[in-house]
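Visitor: I would like to learn how to read the sheet and the backbone of a protein model. Please take me through one case.

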Amino acid sequence: MPRTPLDMHVPDLTGKRALVTGASDGIGLGLATRLAAAGAEVLLPVRNPRKGEAAIAAIRRTAPRANVSLRDLDLSSLASVAALGEKLREEGRPIHLLINNAGVMTPPDRQRTTDGFELQLGVNHLGHFALTARLLPLLRAGHARVTSQISVAANRGAVNWDDLNWERSYDGMKAYSQSKIMFGLFGLALDRHSKANGWGITSNLSHPGVAPTNLLAARPELGRGRDTSGRRIIRALSARGILLGTVQTAQLPALYAATSPDAGPGSFYGPGGLGHLGGAPAQQKLYSRLHGVEEAQRVWRTSEELTEVSFPNG
């Protein structure tokens, strides 16, 4: 039997400026489309301009009056992150919503960013950490809400403090879990730092559950020539309405976390169905790996050292 469509109301976002990473396809494109349809001006920072233009065309098919534009960003390059931050600061316009959504998952072989970091650590966490820091003046001006997209993978594994870059024994899944744990700890610490320093922004977390997104699709640039077997299974279960979500429903937790007046700071949202793998968005119990305040501070300090980008005090 076909499932009843799941959806949620998005409040009027007229006059708001939003930035969504990873918005050229998948969940990010869905998020950008919903924000634009609700009246927000949406910035799409992309690595591939051709994919970005296709994304804008897709958004305008749904929302013909959408105010959307591209910016250049490669999260695997801290120089690119710095350049985008400088450009947007020069524009001088407040940012009201930041959804840190982009990510890479389990390259079969260890890969490095431009700056020499293990790719998942660099893109999923460090790139977003640096981007948020670079945009902080604009986020403060917009009293922004920052939503960081983590994963069910943050509920297992640990931060490999003895070998953050997985140089000695690479395990793609463990490295992915580490990147999402660190990113989740950062997102929660960001809210605490904002309260302590009077930044006037709020920060929360979301996860999409499990759905047939492009994270496990064929990615030749990652050394993956075809879809993983896991993605084929996920796609089959999703199509039959068995337990998992769809690409459309997987976007709802981040959309809720970023826009709902009921979504609170320092909170965590994901699918409310069985096992939190699919279903309507709902607040969730924080994963055990994300409770440690001292661990979060260690992630914060280490990320500042690795990226050479610091958040101000006060």
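Guide: We take the sheet, then its helices, then two backbone angles. This is a predicted model, in which local features need pLDDT of at least 70, side-chain atom pairs count only at pLDDT 80 or more, and totals for chains, interfaces and linings use all residues. Residues are numbered from 1 along each chain as its sequence is written, and side-chain values use heavy atoms, without hydrogens and water.

Visitor: In what order do the strands of the open sheet lie?
Guide: Strands are DSSP runs of E, at least two residues, and helices are runs of H or I, at least four, numbered from the N terminus. Two strands pair if DSSP finds at least two bridges between them. Here the 8 strands run β3-β2-β1-β4-β5-β6-β7-β8, with mixed pairing. β3 (67–72) and β8 (281–283) each have a single partner strand, so one side of each lacks a neighbour in the sheet.

Visitor: In which sense do β6 and β7 pair?
Guide: β6 (202–206) and β7 (268–271) are parallel, over 2 bridges. Ser206 has Tyr269 in β7 as its bridge partner.

Visitor: Which strands does helix α2 lie across?
Guide: Angles run from 0 to 180 degrees between N-to-C directions, with axes fitted to C-alpha atoms, for helices over the stretch in contact (heavy atoms within 4.5 Å). α2 (49–62) lies across β2 (41–46) and β3, at about 170° to β3.

Visitor: What is notable about the phi of His143?
Guide: Most residues other than glycine have a negative phi. His143, not a glycine, has a positive phi of about 45°. Glu308, likewise not a glycine, has a positive phi of about 55°.
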